[in-house]
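Got the viewer open and a selection box ready? Let's walk through this model together, one pick at a time.

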Amino acid sequence: MALELFKQALKDRFMGALIVSVLLFLYIFWIATFYPQLSDMGDVYAQMLQNPTFKAFLGDEMFALTTFSGFMGVEVFSYMGLVIGAYVAFMTASFVAGEIEQKTSDLLLSLPVSRVGVIVSRFMALMPIVAIIMLSMLAGIYAGARYIDEGVQIEWYALAMLFLGAFTLAVGAASLFISALMSDGKRSALTSIGILLAMYLVENIGAVVTGIDWARRLSLFHYLKLNTIAVSHTVNWNNMAVLLAITAVFLILAAIAFRQRDINVT
């Protein structure tokens, strides 16, 4: 029955995820086509980076616009974790809190599957959705580079997408935990997105305000160094281990919270 829940959750959200994937592919392809024109503005951009306000918003992972990888890092990777994370947080909010809000939790709980099975099956449905989104973004980068006849080392972008996928699953697990604590899907989504935005700002502002540098380690974005991978070709697998550990911890917490909740099904 848990398998049926997995299939149904995937079926319910597949079309939406497919539309998002197509839009991301088109957007990244479109951005990539601007590289030949905007690469000449690299000096202007380098001067902008000296502005602390600009740096606080985009973070310290900035590279020159004069290379294709640096251009994509600034124009796509600098904020894509926030965009994809917010989408997944919004979607995950409906996994538990949305069911309670819409009064469909009684049907869900009447099924011959444990509450832990419900949480695990819902999270498992998230994995192929994240994979489709990551592949569409990777395809957008490759197609855009080919269109402007720019050489690209796609294996480094694939590694960056692997880390972005792990980051997205960590966000999904944390949002699922919040969803398991609440009975209002909208409030759950807003809470998750609010926390995600706070972590984004802490990580970026911490890059220029050394007094809160310690807080950066509490942010998921601290372990998402896409430009370091795609541009500098440096991979920190410890960051991947941290993201996977956070995913496991929040998934366990979500299962415990949902199992111990007293849900009124009337």
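Select lysine 225 and glutamate 203: their side chains meet in a salt bridge, with N and O 3.0 Å apart. Keep in mind along the way that this is a predicted model. The pair links distant parts of the chain, since lysine 225 sits in the loop between helix 10 and helix 11 while glutamate 203 belongs to helix 10, 22 residues apart.

Now add arginine 216 to the selection. Glutamate 203 forms a salt bridge with arginine 216 too, and here the closest N and O atoms are 2.8 Å apart. Glutamate 203 lies in helix 10 (residues 185–205) and arginine 216 in the loop between helix 10 and helix 11 (226–230), so this pair ties together parts that are 13 residues apart in sequence. A search of the whole structure finds 2 salt bridges.

Is glutamate 203 buried or exposed? Glutamate 203 has a relative accessible area of 4%, and because the cut-off for buried is under 20%, glutamate 203 counts as buried. Arginine 216 is buried as well. Through shared partners, the salt bridges join Glu203, Arg216 and Lys225 into one network.

**Zoom out to the whole chain**

Color by secondary structure next. The protein chain comes to 12 helices and 0 strands, so expect a single color for the elements if your scheme goes by helix and strand. Of the 266 residues, 47% count as buried. Among contacts between residues at least 6 apart in sequence, 80% join residues at least 24 apart. Switch on a surface and you are looking at about 12,800 Å² of accessible area, of which 67% belongs to carbon and sulfur atoms.

**Helix 12**

Select residues 237–260. This is helix 12, with 24 residues, and from its first C-alpha to its last it reaches 35 Å, close to the 34 Å expected at 1.5 Å a residue. Begin at its start, where a side-chain oxygen of asparagine 236 reaches to within 3.0 Å of the backbone nitrogen of asparagine 238.

Which residues of helix 12 are buried? Show side chains for Asn239, Met240, Leu243, Thr247, Leu251, Ala254, Ala255, Ala257 and Phe258. An α-helix has 3.6 residues a turn, so residues three or four places apart point the same way. To see what covers the buried residues of helix 12, bring up its surroundings, which include helix 7 (105–110), helix 8 (115–147) and helix 9 (154–181).

**Serine 179**

Stay with helix 9 and pick serine 179, which is found there. At 0% relative accessibility, serine 179 counts as buried. Draw a distance from its side chain to the backbone nitrogen of valine 96 and you should get 3.2 Å. Beyond its neighbours within four places in sequence, serine 179 is in contact with Thr92, Ala93, Phe95, Val96, Ala97, Ser188 and Arg261.

**Leucine 65**

Next, go to the loop between helix 4 (52–58) and helix 5 (68–92), where leucine 65 lies. Leucine 65 has 5% relative accessibility and therefore counts as buried. Add tyrosine 35 and compare: leucine 65 and tyrosine 35 are 30 residues apart in sequence and 8.2 Å apart in space, C-alpha to C-alpha.

**Two backbone stops**

If you have a Ramachandran plot to hand, select aspartate 149 in the loop between helix 8 and helix 9. Aspartate 149 has a positive phi of about 60 degrees although it is not a glycine. This residue is exposed, with a relative accessible area of 70%.

Then move to histidine 233, in the loop between helix 11 and helix 12. Phi of histidine 233 is near 55 degrees, again a positive value in a residue other than glycine. Is histidine 233 buried, exposed or partly exposed? Its relative accessibility is 29%, so histidine 233 counts as partly exposed.

**Last stop: a nonpolar patch**

Finish on the surface by selecting Phe14, Met15, Leu18, Ile19, Val22, Leu23 and Leu26, which make a nonpolar patch of about 620 Å². To find your place, use methionine 15, which is found in helix 1 (residues 2–32).

Conventions: Residues numbered from 1 in each chain as written. Heavy atoms only, no water. Helix = DSSP H or I, 4+ residues; strand = E, 2+ residues; numbered from the N terminus. Expected span 1.5 Å × (residues − 1). Buried < 20%, exposed > 50% of the residue type's maximum accessible area, 1.4 Å probe, protein only. Contact = heavy atoms within 4.5 Å. Polar contact = N/O pair within 3.5 Å; in protein donor to acceptor, adjacent residues only side chain to side chain. Patch = residues over 30% accessible without salt bridge, like charges linked within 9 Å, V, L, I, M, F, W, Y side chains within 5 Å. Areas by Shrake-Rupley, 256 points an atom, 1.4 Å probe, with all protein chains shown as cover. Salt bridge = Lys/Arg side-chain N within 4 Å of Asp/Glu carboxyl O.
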